[in-house]
Amino acid sequence: MFIDKSRLKEIQDICGVNNVLMDREDLLCYSYDATGQKMLPDLVAFPESASQISQILKIANTHKVPVVPRGAGSGFVGGTIPVKGGIVLALSRMNKILEIDEDNMLAVVEPGLVNEKLQQEVEKKGLFYPPDPASMKFSTIGGNIATGAGGPRAFKYGVTKDYVLGLEVVLPTGEIMKMGVRTAKGVVGYDLARFLVGSEGTLGVVTKINLKLIPKPEMTATLLSSFPNMDQAAQCVTSVIKAKIIPATLEYIDRRAIECIKPYLVDAAIPENTGAILLMEVDGPKDTVGKEVRKIESLCRENGAMETSTAFEKEEREKLWTARRAISPSLRKISPTKINEDITVPRTKIPKTIQMLDRVEKKYSIPIVNFGHAGDGNVHVNLMVDQSDSDIMKRLDPALEEIFEEVLEMGGTISGEHGIGLAKSRYIEKEIGETSLELQKRVKLAFDPNNIMNPGKIFWPNV
Ligand SMILES: Cc1cc2nc3c(=O)[nH]c(=O)nc-3n(C[C@H](O)[C@H](O)[C@H](O)COP(=O)(O)OP(=O)(O)OC[C@H]3O[C@@H](n4cnc5c(N)ncnc54)[C@H](O)[C@@H]3O)c2cc1C
């Protein structure tokens, strides 16, 4: 227990008595993320400014109290679980859009802002913020920055880091510092702003964000196409890209995931023997979108698609998306718990990856469900394990080892967008090697000499 009465009083004086929680039932609500793992913090504080965060970090740094920033707690790698106790900084009160500068096409926002709210507000002004994790209805911009979130539109538009111009960050030692710019370019010193992207709350607390915006595409169309099997769906992806069409999204869903989301597929015609689904979106000027839709529909037919539903209106398009967004939660039907990996391979290696996953499934008797972002090679691999079943858990580690080794051999990465957190810290060295790992640990300690920021995450053995 890090928090005694005098520290509690200090933090209450900073945030206000009502913005500090210490009762067990309250702490439970801030003890977990989407992995389902839980650890209780000693205290949860709800600061409303960088200055309050700075004061809390100075206290924590003096007394070596762990501090864990928290957005919506939707992370898939245990990043916001307070494994060493201490203070959870819940950023939900810092959720404002401070500025939308239409002329310079940028937004300045606080970290607790929910991604979808930003999308809606900029779109009202004819602007567009492309990074759209499937969790955009609840995940926060601060969490998206800290995890380096991607999403379905990454293939055409890139990921969160491509839209970060500048940040305000409170360092673990309490200084409030600006990183980066609010201009379209800037090369003064190291690019610390983008270095912070994906740092998983281990280097400081992000308190303000300058984001690049782009013009909203004139029109968007969504196509949902059913194929007898994954090979034909993958072949269709290759044909679309060979035709020089870059869809804004290019998602695939495998046979097992289709079973789980059938109740959500009422608005699309899905034949009984569907073995794979492609969900594609094209956007841009009206004429181009029309032409690309017709071309994709014909490429789908040529590659064996049995049905294709196409929607142009927002409401109709949303109906086609409902099924994709329901995948993650609906997988609970197969098993109450799952291990969710987000390996990424060169796009052309997706069919080989799916074959490898089929092999691993059989070898270790672990049901595996796949879906993901076909455009950028990001395969969401869900190993459906009941974590209370010790037999299946024994088979899990070797299965994961085998998957990661094969992915690295194919030139891929063990995480395309979810990060390392707790879940993958054991495997980080496999990918980046000893020299890079040691350098990264030294960088961590340069920012955070007392290792108070989100300790126990990313590095293995724990830093
Ligand atoms: C159904 C579902 C679908 C998802 N789909 C996607 C997807 O398509 N793409 C994708 O990339 N991810 C996806 N995710 C994972 C998750 O939503 C993202 O990782 C998201 O960016 C986390 O945001 P959050 O606000 O929930 O952050 P949290 O989970 O609260 O925190 C994540 C990490 O960020 C740190 N952090 C949070 N705020 C700050 C801050 N202000 N300063 C410093 N560090 C901070 C935390 O300490 C933690 O390490 C999905 C999750 C779910 C449940």
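Start by selecting β3 (67-70), α5 (141-147) and β10 (205-212), each of which supplies at least two residues of the shell around the ligand; helices here are DSSP runs of H or I with at least four residues, strands are runs of E with at least two, and both are numbered from the N terminus. The model on your screen is predicted, so local features need pLDDT of at least 70 and side-chain atom pairs count only at pLDDT 80 or more, whereas totals for chains, interfaces and linings use all residues. Residues are numbered from 1 along each chain as its sequence is written.

Stay with the ligand and colour α5, which gives the most to the shell, with five residues. A residue is near the ligand if its C-beta atom, placed from the backbone, lies within 6 Å of it; of the 36 residues around the ligand, G71, G79, G142, G143 and G201 come nearest. Colouring the shell by class shows 13 nonpolar, 19 polar and four charged residues, where Ala, Val, Leu, Ile, Met, Phe, Trp, Tyr, Cys and Pro count as nonpolar, Asp, Glu, Lys and Arg as charged, and the others, Gly among them, as polar.

Next, colour the chain by domain: the assignment gives domain 1 (5-90), domain 2 (97-215), domain 3 (219-331), domain 4 (334-409) and domain 5 (429-463), with bounds that come from an automatic or database domain assignment. Because domain 1 and domain 2 both give residues to the shell around the ligand, the ligand lies between them.

Now show domain 1 and domain 5 together, whose C-alpha centres lie 22 Å apart. Their contact takes ten residues from domain 1 and seven residues from domain 5, two residues being in contact if their C-beta atoms, placed from the backbone, lie within 7 Å. On the domain 1 side, α3 (50-63) and β3 each supply at least two residues, and the residues of that side divide into six nonpolar, two polar and two charged.

Select I452, in the segment after α14, which touches A60, N61, K64, V65, P66, V67 and P172, not counting residues up to four places away in sequence. I452 counts as buried because it has 23 C-beta neighbours inside 10 Å; the cut-offs are 20 or more other C-beta atoms within 10 Å for buried, 12 or fewer for exposed, and partly exposed in between, with C-beta atoms placed from the backbone. One of the residues it touches, K64, lies in the loop between α3 and β3 and has a positive phi of about 55° although it is not a glycine. K64 is exposed, with 12 other C-beta atoms within 10 Å.

Move to helix α14 (residues 428-447), which spans only 20 Å between its end C-alpha atoms, although a straight helix of 20 residues would span 28 Å at 1.5 Å a residue; the expected span is 1.5 Å times one less than the number of residues. Centre the view on E434 to find a kink of about 90° in α14, the bend being the angle between axes fitted to the seven residues ending there and the seven starting there.

Finish at helix α11 (residues 314-330), whose end C-alpha atoms are 24 Å apart, in agreement with the 24 Å that its 17 residues should span at 1.5 Å a residue. This helix, α11, bends by about 35° at W321, and L320, A323, R324, I327 and S328 are buried in it.
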